[in-house]
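Trainee: I should like to take a close look at a single part of this structure. Please treat the packing of its helices in some detail, and then place that part in its wider setting.

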Amino acid sequence: MSRDLPDLAPLIEHALLDPLRGRQAVLTCCDEARHFGFAAVCVASRWVATARERLPPGDRVRLVSVVGFPFGAIPAPIKRAEAEAAAAAGADELDVVPDFGALVDGDSSALLADLAPITELGLPVKVILESDRLDPAALALLVEVSLDAGARFLKTGSGFGAAASAQQVRQLVALARGRAGIKASGGIASLERALELVEAGAGRLGTSRGVALMQALRAGGTASPNPSPT
């Protein structure tokens, strides 16, 4: 692979979403993100306050909290409360899992009622779409409702399904029609995959393999396989 490669660091959201990781892992994740100049750190709402200790307000590395992760199957008021708690703890952005049950039922009103109260908090919101599992009509509906609710980004998935693909990214780019950015997430374990996703239109890359990707980028090689769902 050629060494004349783009810098991926400003696109990477360094994810730590493994539930079996603790405080020190969160702090290390923040240190790595700052060292490599990543766009953001993405953690569970439980760890936002801890990450904020390491990344003080105004830090160039943004702090992202997931909400309703990973399935979104909680009542809307509880999801809103989690988003409020993450915002109060210092989150800069929110990655929200929508009510897929409402989507399956074709209930766009319930979907909007699930997402709009969170976007009203004023933080940039990315909606996690699980695009690999949705048929085209359901995906198109979820995209439209997400944008109506005020989402700034559409995210390919939680990382617990299929790996993000260039095809998924291109599909979301077409559906968004310039109204939102695209975040690819899940299985981004090689430099080739990361570059394919960016070329397809991803403006953010959510991965727990950010360090390995940067090492591969600098070496002009490939990152090792990713054992983590993100």
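Trainee: Is the crossing of helix 5 and helix 6 right-handed or left-handed?

Mentor: In this predicted model, helix 5 and helix 6 cross in the right-handed sense. Two packed helices are described by the angle between their axes and the distance between those axes. For helix 5 and helix 6 (residues 136-149), the axes come within 8 Å and cross at roughly 40°. An angle under 35 degrees would count as roughly parallel; the two helices are therefore oblique to each other.

The contact can be followed residue by residue. Helix 5 contributes Ser-108, Leu-111, Leu-112, Leu-115, Ala-116 and Thr-119, which meet Leu-141, Leu-142, Val-145, Ser-146, Asp-148 and Ala-149 of helix 6. By character, the residues of this contact comprise eight nonpolar, three polar and one charged.

Helix 5 (residues 108-119) also packs with helix 3 (residues 76-89), at an angle of about 20° and with the axes 9 Å apart. That angle makes helix 3 roughly parallel to helix 5. Here, too, the crossing is right-handed. On the side of helix 3, the contact involves Ala-76, Lys-79, Arg-80 and Ala-83, while helix 5 presents Ala-113, Asp-114, Pro-117 and Ile-118. The residues of this contact divide into five nonpolar and three charged, with no polar ones.

As to the wider setting, the structure contains a closed barrel of eight strands, which follow the order 1-2-3-4-5-6-7-8 with parallel pairing. From one strand to the next, the twist averages 25°. Within this barrel, strand 7 (residues 181-185) and strand 8 (residues 204-207) are paired in the parallel sense over three bridges. Lys-183 has Arg-204 in strand 8 as its bridge partner. Another helix, helix 9 (residues 210-219), packs on the sheet and touches strand 1 (12-16) and strand 8; the direction of helix 9 makes about 140° with that of strand 1.

Lys-183 also takes part in a contact of another kind. Side chains of opposite charge can pair when their charged atoms come close. Glu-13 forms a salt bridge with Lys-183, in which the closest N and O atoms are 2.4 Å apart. Because Glu-13 lies in strand 1 and Lys-183 in strand 7, the pair ties together parts that are 170 residues apart in sequence. In total, the structure holds 18 salt bridges.

Technical notes: Residues numbered from 1 in each chain as written. Predicted model: local features only at pLDDT ≥ 70, side-chain atom pairs only at ≥ 80, totals over all residues. Heavy atoms only, no water. Axes fitted to C-alpha atoms, helices over the stretch in contact; angles between N-to-C directions. Helix = DSSP H or I, 4+ residues; strand = E, 2+ residues; numbered from the N terminus. Parallel < 35°, antiparallel > 145°, perpendicular 65-115°, else oblique. Left-handed = near helix turned anticlockwise from the far one by under 90°. Contact = heavy atoms within 4.5 Å. Nonpolar A, V, L, I, M, F, W, Y, C, P; charged D, E, K, R; others polar. Pairing = 2+ DSSP bridges. Salt bridge = Lys/Arg side-chain N within 4 Å of Asp/Glu carboxyl O.
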